[in-house]
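Grab a pencil and take your time with the exercises below. Try each task on your own before you read its solution.

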Amino acid sequence: MTLPGGSEAAQPAYPFDARPLVEPVDSAAVRAFTQQQRMAGGLPSGFTGSSVVGIVVFGVATVMFASVFLTVAFTVIDGGLGGLGLLVGLMPLLVIGLVATAVAIAFVAGTRVAAHRMYRLDRFARANGMSYLPALGTHSLPGLIFGVGNGRMATDVLRGEQPRFVEFANYEYSTGSGKSRTTHKWGYVAVKLDVPLPHIVLDATGNNGLFGSNLPAAFDKDQRLGLEGDFDRYFSLYCPEGYEADALYLFTPDIMARFIDNVAALDVEIVDDWLLLYAKREFSGLDPATWAWLFSVVGALLDKFAQWARWRDDRLRAEAAAEADASALAGAGPGIAAGGAASAMPFQAPLDALRPPPGVALQGRRLQRGVPWVSFIVVGAIALYWLLSQTGILALFFR
């Protein structure tokens, strides 16, 4: 996988190749690929051989029925007006048969298009040093969009392992039920980091809606951190309280410039040891320009991750020291001096001289959620309007 701008350890070169996305494909190869994916259980739900065969058989049977029906009908018509009346009476069945046939043809055509899409994406992934999965029903990523709603599904998943793990995919989930059920569709990029970092969200201002952020979560405003320069024009940065200095260490002026120049159209989340990029649009598709853009975005950030790998949470040093003191007091026994202090061991390095291990203290692992007041106010106003209109009170003001 080639990610322009990456300067980590030398890896096999895969020049960006978008030709598999657009060049003609062999239908026999597509069928063989689909069969292979079906046997491996990698196809999305509903894309099964039985469903395709069933709809085709139904369509063929419908066409045969329609042909026989027309033959009989015209034969009856020759017999007079009585036959014509019979034909009119049976006309709904003919319409149903024709509609069912059209649905069958559309389904088969759609399945064929989907199979060609998967085949092209698989070839594109291989040409660029990646692997392809048509669908992924369960996901372990810790980001904001992955634990929301139901019917969660990642589709058209492309993964690269070098110079570090990167995953590109489309993602959807549903909220609500019945008539209020809504399907939310996203594109995401997940990049594996070297060490866990504090939970930080960059809410891009350029993709916000009428009522604010398009992210499926709101955060306590006290966690909002203003940064220097023009950064605040493009992103609202949230970090856990007490981690302001750590966020400034991670987002130095040169890194902020990279984000402004390359990522301003995307929402960004740093959580655990992942960097996640989001947008409410399809990422993994057949558009070469989109792939070139996504590769350039990740490539522009790669050589900045080395600085992030050096970050350590000093709070872990204090926690380790407290745990060590507690263990020493609990297990010292007769070694405790009269004053209550454990005797020092000459071969033990002072704890405050040790570098903290990789990791994040508990208070920095997740942002505190806030209340989406704007949404509540809008929903409340709509509910109040409906209530007043139903009771007739509203009509008193518009006579």
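Here are four exercises, each with a worked solution. This is a predicted model, in which local features need pLDDT of at least 70, side-chain atom pairs count only at pLDDT 80 or more, and totals for chains, interfaces and linings use all residues. Residues are numbered from 1 along each chain as its sequence is written, and side-chain values use heavy atoms, with hydrogens and water left out.

**Exercise 1. The overall picture**

Task: Find how many helices and strands the protein has, and what share of its residues is buried.

Solution:
- Step 1. Begin with the secondary structure: the protein has ten helices and seven strands. Helices (H or I, at least four residues) and strands (E, at least two) are DSSP runs, numbered from the N terminus.
- Step 2. Now turn to burial: 37% of the 399 residues count as buried. Buried means under 20% relative accessible area, exposed over 50%, and partly exposed in between (1.4 Å probe, protein chains only).

**Exercise 2. Two helices side by side**

Task: Work out how helix H6 and helix H7 are oriented, and which residues make their contact.

Solution:
- Step 1. Locate the helices: H6 spans residues 253–262 and H7 spans residues 288–302, and their axes come within 10 Å and cross at roughly 175°. Axes are lines fitted to C-alpha atoms, for helices over the stretch in contact, and angles run from 0 to 180 degrees between N-to-C directions.
- Step 2. The crossing angle makes H6 roughly antiparallel to H7 (under 35 degrees is roughly parallel, over 145 roughly antiparallel, 65 to 115 roughly perpendicular, the rest oblique).
- Step 3. List the partners: H6 brings Arg258, Phe259 and Asn262, while H7 brings Trp293, Val297, Ala300 and Leu301. Contact means heavy atoms within 4.5 Å.
- Step 4. Look at the sides of H6: Ile255, Met256 and Phe259 are buried. These three cover an arc of only 100° around the axis, so they sit on the same side of H6 (the arc is that of the directions from the helix axis to the C-beta atoms). Pro253 and Asp261, on the other side of H6, are exposed.

**Exercise 3. Trp308 and the core**

Task: Decide whether Trp308 is buried or exposed, and say which residues it touches.

Solution:
- Step 1. Place the residue: Trp308 belongs to helix H8 (residues 305–309).
- Step 2. Check the accessibility: with a relative accessible area of 2%, Trp308 is buried.
- Step 3. Leaving aside neighbours within four places in sequence, the contacts of Trp308 include Leu193, Phe251, Phe259 and Leu275. Trp308 and Leu193 are 115 residues apart in sequence, yet 8.4 Å apart in space, C-alpha to C-alpha.
- Step 4. Zoom out: the largest nonpolar core has 60 residues, and Trp308 is among those that touch the most other members, along with Phe168, Leu237, Phe251, Phe259 and Leu275. A nonpolar core is a set of buried Ala, Val, Leu, Ile, Met, Phe, Trp, Tyr and Cys residues joined through side-chain atoms within 4.5 Å.
- Step 5. Strand S4 (residues 182–204) gives this core its largest share, eight residues.

**Exercise 4. Backbone surprises**

Task: Identify which residues are joined by a cis peptide bond, and what the phi of Asp156 and Asp272 is.

Solution:
- Step 1. Recall the background: most residues other than glycine have a negative phi, and most peptide bonds are trans.
- Step 2. Gln162 and Pro163 are joined by a cis peptide bond, with omega about 0°. Pro163 lies in the loop between strand S2 (150–160) and strand S3 (166–175).
- Step 3. Asp156 has a positive phi, near 50°; this residue is in strand S2 and is buried at 7% relative accessibility.
- Step 4. Asp272, in strand S7 (residues 267–279), has a positive phi of about 55°. Asp272 is partly exposed, at 27% relative accessibility.
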